[in-house]
Amino acid sequence: MRGDDRQPTSMFSYVSAEDRVPADHPLRPIRALVDEILRDMSREFDGLYARVGRPSIPPERLLRAQLLQLFYSIRSERLLMEQLDYNILFRWFVGLEMDEPIWVPTVFTKNRDRLLNQEVARQFLQRVVDRASAWMSDEHFTVDGTLIEAWASQKSFQPKDGPPEGDGRNFHGQTRTNDTHASKTDPDARLYRKSFQSEARLAYLGHVLMENRHGLIVDGMATTADGHAERDAALLMLQKHARPSRPRTLGADKLFDTRDFVDVTRQLGYTPHVSQNVKRTGGSAIDRRTTRHAGYEISQACRPRIERVFGWLKPLAGLRKVKLRGLDKVDSLFVFACAAFNLRRLPRLIAMAAPPA
């Protein structure tokens, strides 16, 4: 029998959003982890807000909404607010009531940018790493960097001194370098190309330190783009997590095969399992004393796992071309996205098995 297609004239429901979300939905264990972390950060949030005045958007809701934007590849804040308006799952995750009004996109953006600074993002990532430490290796790591295209066009790349060169559209035949030119819309972006075969773009660099057991992120940061940034950022992250009393290994690609990087890595207590670049002038900084061990081959086999990290951060989390301007904002978003990557994977690891002894 065919049912009657009656159009509802009004909507009244006594079923809460909590009851509408399935018990086995993947966001449920993530929400539990996020709530625990945000409760731990409550004291830090208190220091960011004044004690008097009109209440703003709760910081917990701002960060949960930002996580949704990363998890579901929502390309703009306006679309995120649209989803929050009618998506019951999104309302439940953020913590909104069914009939609670949604924020204006510009209000949400301004409040989020004031909250999600570098310090808050790193504290959030560190708390995620602390909760995942039982499933993470503290001996074997991999480091690498990736290109993040800036939210600036080539025509904004104008001379630092002197009048602009026309409207910036036709720059063929001109010599443009980071020493003489800068972007008018994003001064922190640098003209950079990842390889000799690729075109130069206004970009930043994102750097990740990954542990080799399950491919979780230990640390991350974004920097301006130049030829030394990947090695410099790697050394900064290694120094932060160095434990000289315990032997450790570090896998990396041929870009890191320089004598300065290898020497400093060894001083920090890491054995550099770096891919050999035999075509470099002077030869590779890694010799048979390192490559003859079985651990070197294992590190080289684990090293490609870091591409999975970039494969999620860039196309899915929306960091292929970042929609923020300024190094501070780009770094904050990149670090927060690293925490989101761990949160996405951690519930599966917890469900699969107990932490190794």
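How far apart are the mean positions of the positive and negative charges of this chain? Hi everyone, let me start with that one. The chain carries 55 positive and 45 negative charges, and their mean positions lie 3 Å apart. Please keep in mind that this is a predicted model.

Now to the overall picture. The chain has 357 residues, and 47% of them are buried. Its secondary structure consists of 14 helices and 8 strands. If you follow the C-alpha trace along its principal axes, the span is about 80 × 65 × 55 Å. As for the surface, the chain exposes about 19700 Å², with 51% of that coming from carbon and sulfur atoms. And for those of you who like contacts: take the ones between residues at least 6 apart in sequence, and 66% of them join residues at least 24 apart.

Let's zoom in on one residue, Ala-222. You'll find Ala-222 in strand β6, which runs over residues 217-224. Is Ala-222 buried or exposed? Ala-222 counts as buried, because its relative accessibility is 5%, and the cut-off for buried is under 20%.

So what does Ala-222 touch, leaving out residues up to four places away in sequence? One group of partners is Leu-205, Gly-206 and His-207. The others are Leu-327, Val-330, Asp-331 and Phe-334.

One last distance for Ala-222: Ala-233 sits 11 residues away in sequence, and the two C-alpha atoms are 8.4 Å apart in space.

That's my tour, thanks for listening!

How values were computed: Residues are numbered from 1 along each chain as its sequence is written. This is a predicted model: local features need pLDDT of at least 70, side-chain atom pairs count only at pLDDT 80 or more; totals for chains, interfaces and linings use all residues. Side-chain values use heavy atoms; hydrogens and water are left out. Helices (H or I, at least four residues) and strands (E, at least two) are DSSP runs, numbered from the N terminus. Buried means under 20% relative accessible area, exposed over 50%, partly exposed in between (1.4 Å probe, protein chains only). Contact means heavy atoms within 4.5 Å. Accessible areas come from the Shrake-Rupley method with a 1.4 Å probe; for residues, only the protein chains shown count as cover. Lys and Arg count as positive and Asp and Glu as negative; His and the chain ends are not counted. The place of a charge is taken as NZ of Lys, CZ of Arg, CG of Asp or CD of Glu.
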